[in-house]
Amino acid sequence: MRLRLAPSLAGILAAGLLLTGCAGGGTGDATTSAPADTAASIEVGSLYEPSNLSNVDAGGQGVTEAFSGNVYESLMKLDDDGSVTPLLAEDYSVSDDGLTYTFTLRDGVKFHSGKELTADDVVSSFERVTADDSQAARKSSYAVVSDVEATDDSTVTFTLSQRSISFPYLMAYVWIVNPDLADAKTDADGTGPYSFDEWQRGSTLSLVRNDDYWGDPAKNGRVTFHYFTDASAESNALLTGEIDLITSIQSPDSLTQFENNEDFTISEGTSTTKELLAFNDRVAPFDDSRVRRAIYSALDREKLLDAIWDGRGTLIGSMVPPTDPWYEDLTSVNPYDPELSKQLLSEAGLADGFSFTLSTPNYDPHPEVAEFLQSELAKVGITVDIKVITADEWYTDVYQNLDFEATLQEHVNDRDVVWYANPDFYWGYDNADVQELVASAEQAETTDEQTEDLKKANEIIATEAASNWLYLYPQIVVASSDVTGFPVNGLNSQFYVYNIEKA
């Protein structure tokens, strides 16, 4: 499972770096010399098949990748560069006290079933996210809403109990779903440029262009996501022409066969995906920050990044990636220093070391990362027992039941440092100062005030090594050279397909 638990306001300026088989070249948005086929079927390779088709029922990263912005839309849109702009909302206003947001809907928007979009549908979709049985990752962020009302067919008013500077951003994660849809886990009815066509579990998920779309039509006629459980099989499918592109390369070994090959384009963009060694901070010995810091300083993260990504990716010293406005380089806070690690263990009463079980998802790169950690920590007297688990077991045992000591997981979201202010989150970090600073940041009147508070919070979190942030993934898309217009940045696992063209 990819913890696309699917964070706060403002845009991210992200540049994509293109790597091609020969010098020069363009980005995924470059044009080809041959005219594009507007009826083309785009075949997309992915490792992330949905668990179901609902983003409030643990559908996982795969449903976000396939449906967000393609089948389902929101009042606000999170663009590939991180900017937030109105989408189904034509515009919105906020009261002087920051407690009332009024959204005006676009005219002429219809669901794929033909039903016209009204404000009541927005209210229903919001209530779907905040329902008691909802498993939406950002559900707690909407607790600030004390009332939501359809004041007329095209106007929705949200009343907040306190300021929320992130509110427009958060509305980008509320999919507008036709309330008449019988089962959102197996079917879909949105307003996007594609309608859902067919899902062959274990194989493919297909979308077809919505010719009655209210906005600019998709530049291709059909998109099919092909799901693989093995990265090598996925790469072979691209080499043989079975698929046109791969949404995210998971290993540098997969790139070798595409480099120096003019038939393919390799695009490296900006990622927000962090590889975490997350502790259960509720239980000994991980309730002691000295132990968490000791583990961090025992790990040569540069060596790890070279081993996993052949030098690609970025070292980080906190949950905050460089694209977040409150980023600071905190890699020196917990330096690689095995002697310091031993000293901290001694201070914590563990001079002779200890052992723990590392719950490790069974998909790349986690097993390899686990073996690296096991080897590194043995040098300071810590024994790591690796327990390989499935994605479903991770979700049930770790995330829901909190039955773990430590685990590996990748967190894909931008601006997710705020989750360390929630002591009920799966890692159980509980610091009153952090909670106060995050609350203050959310109620800030300006983004400068928000940034200042979140920097202070993040410094505390990093100093206490609430988790060990191992590295930031690179975001690498490989495509056939006749395919352009694909997203290059890995933002929250979404993958907009409507601008993809094939000559």
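Thr104 of strand β6 sits across from Thr155 in β8, in what is a predicted model. That pair belongs to an antiparallel match between β6 and strand β8 (residues 155-160), which runs over 5 bridges. β6 also has strand β5 (residues 89-94) as a partner, again antiparallel and again over 5 bridges. Here Ala89 is the residue facing Leu105 of β6. The link from β5 to β6 is a hairpin with 5 residues in between, and Gly98 in its turn takes a positive phi of about 75°. As for the two faces of β6 (residues 100-105), Tyr101, Phe103 and Leu105 make up the covered one, while Thr100, Thr102 and Thr104 lie on the uncovered one.

Another part of the chain holds an open sheet of 5 strands. Read across, the order is β16-β15-β17-β14-β18, and the pairing is mixed. β16 (382-389) and β18 (468-472) are the edge strands, each with pairing on one side only. On average, neighbouring strands in this sheet are turned by 25° against each other, leaving direction out of it. Within the sheet, strand β15 (residues 354-361) runs parallel to strand β17 (residues 406-411), and the two pair over 2 bridges. Ser359 has Thr407 of β17 as its bridge partner. In general, strands of a sheet are joined by backbone hydrogen bonds, in either the parallel or the antiparallel sense.

Ser480 is worth a look of its own. This serine is part of strand β19, which covers residues 475-480. Is Ser480 buried or exposed? Ser480 counts as buried because its relative accessibility is 17%, and the cut-off for buried is under 20%. Its side chain makes a polar contact with the side chain of Asp482, at 2.7 Å. Setting aside neighbours within four places in sequence, the contacts of Ser480 are Leu238, Asp244, Asp263 and Phe264.

On the annotation side, an unreviewed UniProt entry lists residues 84-411 as "domain: Solute-binding protein family". In the model, this span is 23% helix and 26% strand, and its end C-alpha atoms are 21 Å apart.

How far can the coordinates be trusted? Mean pLDDT for the protein is 90, with 93% of residues at 70 or more. Residues 1-32 are another matter: pLDDT is below 50 over this stretch, although the model gives it 116 contacts beyond near neighbours in sequence. Where pLDDT is low, predicted coordinates should not be read in detail.

Technical notes: Residues numbered from 1 in each chain as written. Predicted model: local features only at pLDDT ≥ 70, side-chain atom pairs only at ≥ 80, totals over all residues. Heavy atoms only, no water. UniProt positions renumbered as here; feature names shortened; annotations may be inferred. Helix = DSSP H or I, 4+ residues; strand = E, 2+ residues; numbered from the N terminus. Buried < 20%, exposed > 50% of the residue type's maximum accessible area, 1.4 Å probe, protein only. Polar contact = N/O pair within 3.5 Å; in protein donor to acceptor, adjacent residues only side chain to side chain. Contact = heavy atoms within 4.5 Å. pLDDT = per-residue confidence, 0-100. Pairing = 2+ DSSP bridges. Axes fitted to C-alpha atoms, helices over the stretch in contact; angles between N-to-C directions.
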